[in-house]
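Work through the exercises below with the model open. Try each task before reading its solution.

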Amino acid sequence: MSKSRIGIVGCGAIGKSLAKFIEGQLSSKAKISALCDLDYSKAVLLKSLLKKSKPMAADLDELIKHSDLVIESASGKISYQVAKKTLSRRKSILIMSIGGIISKAKELFALARKNNCFVYLPSGAICGIDGLKALSLAGIEKVTLTTRKPPKALKGAGYIVKNKIDLDRINKETVIFEGNALDAVRDFPQNINVAALLSIAGIGAKSTKVKIVTSPEYKDNSHEIEIISKAGTIKTVSRNVPFEENPKTSYLAALSAMAVLRSIFDSAKIGN
Ligand SMILES: NC(=O)c1ccc[n+]([C@@H]2O[C@H](COP(=O)([O-])OP(=O)(O)OC[C@H]3O[C@@H](n4cnc5c(N)ncnc54)[C@H](O)[C@@H]3O)[C@@H](O)[C@H]2O)c1
């Protein structure tokens, strides 16, 4: 059987780690066919690191043409457009920048169903999506995400800049933001893909509550999720180690995408 061709849009920390994982762990089933990055030199650099696949550095249209599965690991600014183009051409997509599709997920799922292809949304930096999916069959009453990050991990976020919050002056545990997931994704686009996934898998962005808390005492990023349903209550906490190549990304987020890729190509599917 011929190998699945995988194209990667966004050759930064996650894109690179997934490419290496595919070459290292999935090479009997898949190969990297094409790479695309706004910064062409990053696509060329990653190409030079891959020994088995020999991908082309391509633009988005070419990449989709030469792929069976597209991985989007670039930016929430383009994830919707990349997904729509990919699915329109009857190819499947794995989306990392989930914040960018928060209001468009249903449209993308409908397109995938119509065109007989798949949308994969990894759990990313959180745990509990399996429970949320199961409980939603009985009806969900409330979903709350509390994200805790050290001040440096929030630097540059739109909300921090707009509200002139001086993160260097924070000297105790402080709630920076409290609102719904839609507002959280708008105000913290790089930090809050988890809120988007939680909304899509659960009760929607307007009903999902988000709290962002910081403290100089925090050493790592953590996400606490509380799900209340008549079938039970779930509380999970993931305390994440920052990814070496990009401290704004959690190591768990990259690992979770690797687990999804492994599951795509494995006959055993564990968990819901
Ligand atoms: N789902 C999750 O839980 C989760 C967790 C962490 C990161 N993410 C998201 O995954 C994406 C990648 O994260 P990362 O840590 O690898 O970031 P990164 O900054 O290390 O890499 C992003 C790469 O994408 C490229 N890029 C940016 N805009 C582009 C465009 N318009 N077209 C093509 N390439 C473009 C950049 O040049 C860069 O090489 C980000 O959007 C991030 O928010 C999701």
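Two exercises follow, one on the ligand site and one on the domains.

The model is predicted: local features need pLDDT of at least 70, side-chain atom pairs count only at pLDDT 80 or more, and totals for chains, interfaces and linings use all residues. Residues are numbered from 1 along each chain as its sequence is written, and side-chain values use heavy atoms, without hydrogens and water.

**Exercise 1. Describe the surroundings of the ligand.**

Step 1. Count the shell, taking residues with a heavy atom within 4 Å of the ligand. There are 23, and the closest are Ile14, Asp37, Ser97, Asn246 and Thr249.

Step 2. Sort them by type. The shell holds 10 nonpolar, 11 polar (Gly counts here) and two charged residues.

Step 3. Look for polar contacts (pairs of N or O atoms within 3.5 Å). A ligand oxygen lies 2.9 Å from a backbone N or O atom of Ala13. The side chain of Asn246 places an N or O atom 2.9 Å from a ligand oxygen. For Ala74, a polar backbone atom is 3.5 Å from a ligand oxygen.

Step 4. Check the cover. Of the 850 Å² accessible on the ligand alone (Shrake-Rupley, 1.4 Å probe), the protein covers 82%.

**Exercise 2. Describe how the two domains meet.**

Step 1. Set the bounds, which come from an automatic or database assignment. Domain 1 is 4-121 + 252-264, and domain 2 is 129-240.

Step 2. Count contacts (heavy atoms within 4.5 Å). 11 residues of domain 1 touch 11 of domain 2.

Step 3. Find the buried area (accessible area lost on joining, 1.4 Å probe, summed over both parts). The domains bury about 750 Å², 80% of it on carbon and sulfur atoms. Ile98, Gly99 and Ile102 supply 60% of domain 1's share.

Terms used. Near = heavy atom within 4 Å. Polar contact = N/O pair within 3.5 Å; in protein donor to acceptor, adjacent residues only side chain to side chain. Buried area = accessible area lost by both parts, 1.4 Å probe.
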